[in-house]
Amino acid sequence: TSLPAPDIAAVSAVHKTALTQGAPGALTRIDEGRTSHHVATGEADTAAHTQMDTGRRFRVGSVSKTFTAVVLLQLVAEGRVDLDAPANRYLPEPLPDDRITVRHLLSHRSGLYDYTNDMFYNTVPGFEAVRNKVFGYQELIDLSTARPLNNAPGAAYSYSNTNFVALGLLIEHVTGTPVATHYQERIVAPLRLRNTSYVHPRTSLSGSYARGYLRQDDTTLPLVDSTEQTVSWAQSAGAVISNGKDLNRFFSALLSGKLLPAEQLEDMTTMVPVTADGKQSYGLGLRGRKLSCGTTVYGHTGTVQGYYTYAFTTGDGARSMTSLANTSNNGTVNATLGATLDASFCGSGAA
Ligand SMILES: CC1(C)S[C@@H]2[C@H](NC(=O)CCCC[C@H](NC(=O)C[NH3+])C(=O)[O-])C(=O)N2[C@H]1C(=O)[O-]
């Protein structure tokens, strides 16, 4: 790519600001060909006072949605699913509107209500109520369909975890195979992602990982260690565990055409603006961000109790960046961490 060199000092400054705003630690890993940049700040474990390092694994939250979208789009390429067919053709129980298509689910245009709005209205009580629970996909969909649709199918973008829970169920119903197996066989093994797993409903992380710390709604109270949970409330919408090296390899492989045929990659990267300024967009399980230097990067963000993630790559997959802060329910930290994108892809010329 003809991108300016990453501004590593700026990345480090972003991390330090995030720590002043309440994050125990942060990491950023940038990969471009054989060149890697590593920035790690603060603590991975605040009880043991273990230092953060960029190899640590973490819960990626909604970055999982891109893994699910890749599996689904491979099934489309195999002729097993039609993007513009009603999702009800492929589900064991019907969604409330036959007009909802598979593409609507992938692009958050189905209108299906996001049950996490109620589930996590009170942050810590909501989390504690589900952290050890195991949900069935249909249970989660039923929580959503107890509420009216946000919009008529296709009429608007309204982000909802329900869409990717429904896609997980659809994948398993069509193939008879768990999503965990599809992730492993279609993504993890071919790309040799040694630090990526889907262990739902097990609650523990293996190997070297960062602990996650959830901020309470009463911010004067101490952070809650939220590392161990089933993430069953999200599953195919948010339960993947990975690290910076693997997410960079995943998004680089995706955008450089190693995971999907050209037609499906084109579908996935056909972006629709989702903010008034046009700087943020969404395709199929994929976010687009137009940065201050005019470069557009593609990837996904993640918010799961104790972990904020940004994982993005250039349109050709040549340069990738993953950033993590091991806290959540702290919008200031999340916004701050997002500045690693400009530092990593726009360099010192970043606005
Ligand atoms: C669209 C998002 C931001 S929300 C969605 C998904 N994460 C969730 O749905 C979890 C929501 C509760 C998380 C919790 N917050 C509360 O409980 C607040 N009361 C916290 O901060 O840990 C994910 O990941 N996506 C992010 C994404 O795609 O970037």
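**Helix 7, helix 1 and the rest of the fold**

In helix 7, the buried residues are N161, T162, N163, F164, V165, A166, L167, G168, L169, L170, I171 and T175. The model is a predicted one, and this helix is a handy place to start looking at it. Helix 7 covers residues 161-175, and 12 of those 15 residues are buried, so the helix is mostly covered. From the first C-alpha to the last, helix 7 reaches 22 Å, close to the 21 Å expected at 1.5 Å a residue. Quite a few elements pack against the buried residues of helix 7: helix 2 (64-77), helix 3 (102-106), helix 4 (116-119), helix 6 (137-145), helix 8 and strand 9 (280-282). Right after the helix comes G176, and its phi is positive, near 75 degrees.

Helix 8 deserves a look too, through one of its residues. H182 is found in helix 8, and with a relative accessible area of 6% it is buried. The side chain of H182 makes a polar contact of 2.9 Å with the side chain of T175, and T175 is among the buried residues of helix 7. Leaving aside residues up to four places away in sequence, H182 touches V71, I171, T175, T177 and I187. I171, like T175, is on the list of buried residues in helix 7.

Back at the start of the chain, helix 1 gives another picture. It takes in residues 8-20, which makes 13 residues, and it spans 19 Å from first to last C-alpha, close to the 18 Å expected at 1.5 Å a residue. Its buried residues are V11, S12, V14, H15 and A18. Looking down the axis of helix 1, these buried residues fall within an arc of 155 degrees, so they line one face of the helix. The spacing fits a simple rule: an α-helix has 3.6 residues a turn, so residues three or four places apart point the same way. On the other side of helix 1, A9 and T20 are exposed. The cover over the buried residues of helix 1 includes strand 1 (25-32), strand 2 (35-45), helix 11 (331-337) and helix 12 (339-345). So what happens at the two ends of helix 1? At the start, a side-chain oxygen of D7 comes to within 3.3 Å of the backbone nitrogen of A9. Just after the helix, G22 takes a positive phi of about 120 degrees.

Strand 2, part of the cover over helix 1, holds T35. This residue is partly exposed, with a relative accessible area of 41%. T35 and D84 are 49 residues apart in sequence, and their C-alpha atoms are 41 Å apart in space.

A few loops have backbone details worth pointing out. The peptide bond from H200 to P201 is cis, with omega near 10 degrees, and P201 sits in the loop between helix 8 (179-191) and strand 5 (213-214). V231 belongs to the loop between strand 6 (224-225) and strand 7 (241-242). Its phi is near 55 degrees, a positive value in a residue other than glycine. V231 counts as buried, at 1% relative accessibility. N329 also has a phi near 55 degrees, again positive in a residue other than glycine. N329 lies in the loop between strand 14 (327-328) and helix 11, and it is partly exposed, with a relative accessible area of 27%.

Stepping back to the whole protein chain, the secondary structure comes to 12 helices and 14 strands. The radius of gyration is 19 Å, close to the 20 Å that the globule rule gives for 351 residues, so the chain is as compact as a globular protein of that length. Taken along the principal axes, the C-alpha atoms fill a box of roughly 50 × 45 × 40 Å. Of the 351 residues, 59% are buried. Among contacts with a separation of 6 or more, 68% come from residues 24 or more positions apart. As for the surface, the protein chain exposes about 13100 Å², with carbon and sulfur atoms supplying 49% of it.

Note on methods: Residues numbered from 1 in each chain as written. Predicted model: local features only at pLDDT ≥ 70, side-chain atom pairs only at ≥ 80, totals over all residues. Heavy atoms only, no water. Helix = DSSP H or I, 4+ residues; strand = E, 2+ residues; numbered from the N terminus. Expected span 1.5 Å × (residues − 1). Buried < 20%, exposed > 50% of the residue type's maximum accessible area, 1.4 Å probe, protein only. Arc of directions from axis to C-beta. Contact = heavy atoms within 4.5 Å. Polar contact = N/O pair within 3.5 Å; in protein donor to acceptor, adjacent residues only side chain to side chain. Rg over C-alpha atoms; globule rule 2.2 N^0.38 Å. Areas by Shrake-Rupley, 256 points an atom, 1.4 Å probe, with all protein chains shown as cover.
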